[in-house]
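Trainee: I would like to take a close look at a single part of this structure, namely the place where the ligand is held. Could you please take me through it step by step?

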Amino acid sequence: MNTRSFPHRHLLGIQGLTAPDILSLLDLADGYVEQNRSVDKRKNLLRGRTVINLFFENSTRTRTSFELAGKRLGADVINMQASASSVQKGETLIDTAMTLNAMHLDVLTVRHPDSGAVKLLSEKVNCAVINAGDGAHEHPTQALLDALTIRRRKGRLSGLCVAICGDVLHSRVARSNIHLLNTLGAHVRLVGPRTLLPSKIAALGVEVFHDMRAGLKDVDVVMMLRIQNERMRGNFIPSVREYFHFFGLDAEKLALAKPDAVIMHPGPMNRGVEIDSDVADDVERSLIREQVEMGVAVRMACLDQLTCGLPETAGGV
Ligand code: NCD
C-alpha cells in the first residue's frame with residue numbers, strides 16, 4: 001500500500017501546489033531513483049491499474065518515461081498517439097476522453113498543443129489526469145524532475161540562483177519551473193531577446209535580462225530552452241547564427257556563472273542553436289542525462305501518489 005502525502009486528484013500544473021506538495025513528490029522520487037538503479041526495478045504497487053498515455057504531440061523522453069514509470073510500478077500501460085487514433089477521423093477531444101473513460105482506466109496522461117486542453121479533459125473523466133505538457137502553459141513533471149536533479153547535485157533549491165534562458169515565450173517548461181522554483185525559495189532569472197520573453201513576465205516574480213552575460217553572472221544553474229520553431233508564427237529571431245552569437249550557451253558565456261554552476265536542458269536539444277556541444281557534453285557540469293534519469297523516478301512518484309487517492313474500484317461510465 002502506498003501512503004498518501006499529495007492531496008490532489010490530478011496533476012495539471014505546478015501553479016497552486018504548496019511547498020510540502022512538491023517536496024513530498026521529490027522525497028518519494030528519491031526512493032524511486034534507487035529502485036531504478038537496482039537489478040529488480042519492478043514493484044507491484046499499481047498491479048491491476050491501467051494507465052493510458054495520450055499524446056497529441058511528438059515526444060521522446062516524456063512518453064517513454066511515463067511508460068517505463070507505469071510498467072515499473074506494475075500497471076498495464078497503453079500508449080496512444082493521436083496521429084494514429086480516431087482524432088484523425090474527426091473525433092473531438094471530449095469524445096476521445098469519454099471513450100477512454102468508458103474503459104475503466106485509472107490514470108490518463110495527456111500532452112496537447114493547446115493550453116488548457118488537459119484541464120478541460122480532466123473535468124470529463126473519472127480517473128486521475130496528469131498534464132504531460134499543454135501548449136505553452138505547463139509541464140509539471142518536467143519542473144519536478146528538474147528540481148530533483150538540482151536538489152540531488154546542490155543539496156537544496158532554496159537560495160539558489162537559476163537562469164532560464166532562451167525561448168521562454170513558447171515554453172511550458174519555463175512556466176512550470178518559474179512556479180516551482182519560486183515556491184521553493186530559489187531566485188529565478190529569465191534571459192532572452194525581447195521577442196522571446198513575454199512582456200509582463202516579471203509579474204511572476206522573476207528578474208529579466210536581455211543580455212546573456214549579465215544574466216548568467218554568478219548563477220548556480222543555467223537552464224537552456226529549445227527554440228520552439230513549431231509554435232512560432234512569424235520570425236522571432238533574425239538568424240540562427242545571430243541567435244547563437246548572443247544567446248547560445250558556450251564556454252565563454254558559461255565562464256560568467258559560478259565556477260560550480262551546472263547546465264541543464266529539457267531536451268530535445270538543438271546543438272549549435274541554443275547550446276554548444278562542448279558545454280552540453282561537459283561530463284562535470286552538464287546534468288542533461290541526469291534529468292532524463294530523474295524523469296522516470298519523478299513520474300513513478302506522481303503515479304504512486306495519484307493512484308493513492310483513487311477508489312479501489314476504478315471509475316468509468
Ligand atoms: C519539452 C516540451 O515538450 O515541452 N520537452 C520535454 O518534455 N522534455 C521542451 C521542448 O520541447 O523543447
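Mentor: Let us begin with an individual contact, bearing in mind that the model is predicted. Thr-62 places a polar side-chain atom 3.0 Å from an oxygen atom of the ligand. Arg-111 also has a polar side-chain atom 3.0 Å from a ligand oxygen. For His-139, the distance from a polar side-chain atom to an oxygen atom of the ligand is 2.8 Å. Each of these pairs counts as a polar contact because its two atoms, N or O, lie within 3.5 Å of each other. As for the surface of the ligand, 320 Å² would be exposed if the ligand were taken alone, and the protein buries 95% of that area.

We may now widen the view to the whole shell. Besides Thr-62, Arg-111 and His-139, the residues that surround the ligand include Arg-61, Gln-142, Arg-172, Val-173, Arg-226 and Gln-228. Pro-266, Gly-267 and Pro-268 belong to this shell as well. Sorted by class, the shell has 3 nonpolar, 5 polar and 4 charged residues.

The next matter is the space that holds the ligand. The ligand sits in the largest pocket. Two elements, α2 (61–72) and α6 (172–183), each give two or more residues to the shell around the ligand. A general remark may help here: rolling a probe the size of a water molecule over the atoms shows where empty space is left. In the largest pocket, that space comes to about 490 Å³. Its lining is made up of 24 residues, and those nearest the centre of the pocket are Asn-58, Arg-111, Arg-172, Arg-226 and Pro-268. Again α2 and α6 are the elements that give two or more residues, this time to the lining of the pocket. The lining consists of 5 nonpolar, 12 polar and 7 charged residues.

Finally, Pro-268 deserves attention for its backbone. Pro-268 is part of the ligand's shell, and its place in the chain is the loop between β9 (262–264) and α10 (277–280). As a general rule, most peptide bonds are trans. The bond from Gly-267 to Pro-268, however, is cis, with omega near -5°. Both residues of this cis bond are thus among those that surround the ligand.

Notes:
Residues numbered from 1 in each chain as written. Predicted model: local features only at pLDDT ≥ 70, side-chain atom pairs only at ≥ 80, totals over all residues. Heavy atoms only, no water. Near = heavy atom within 4 Å. Polar contact = N/O pair within 3.5 Å; in protein donor to acceptor, adjacent residues only side chain to side chain. Areas by Shrake-Rupley, 256 points an atom, 1.4 Å probe, with all protein chains shown as cover. 1 Å grid on protein atoms, 1.4 Å probe; cavity = no way out; pocket = protein on both sides within 12 Å on 5 of 7 lines; lining within 4 Å. Sits in = over half its atoms within 2 Å of the grid points. Helix = DSSP H or I, 4+ residues; strand = E, 2+ residues; numbered from the N terminus. Nonpolar A, V, L, I, M, F, W, Y, C, P; charged D, E, K, R; others polar. Points joined across faces, edges and corners; volume = space filled by probe spheres on them.
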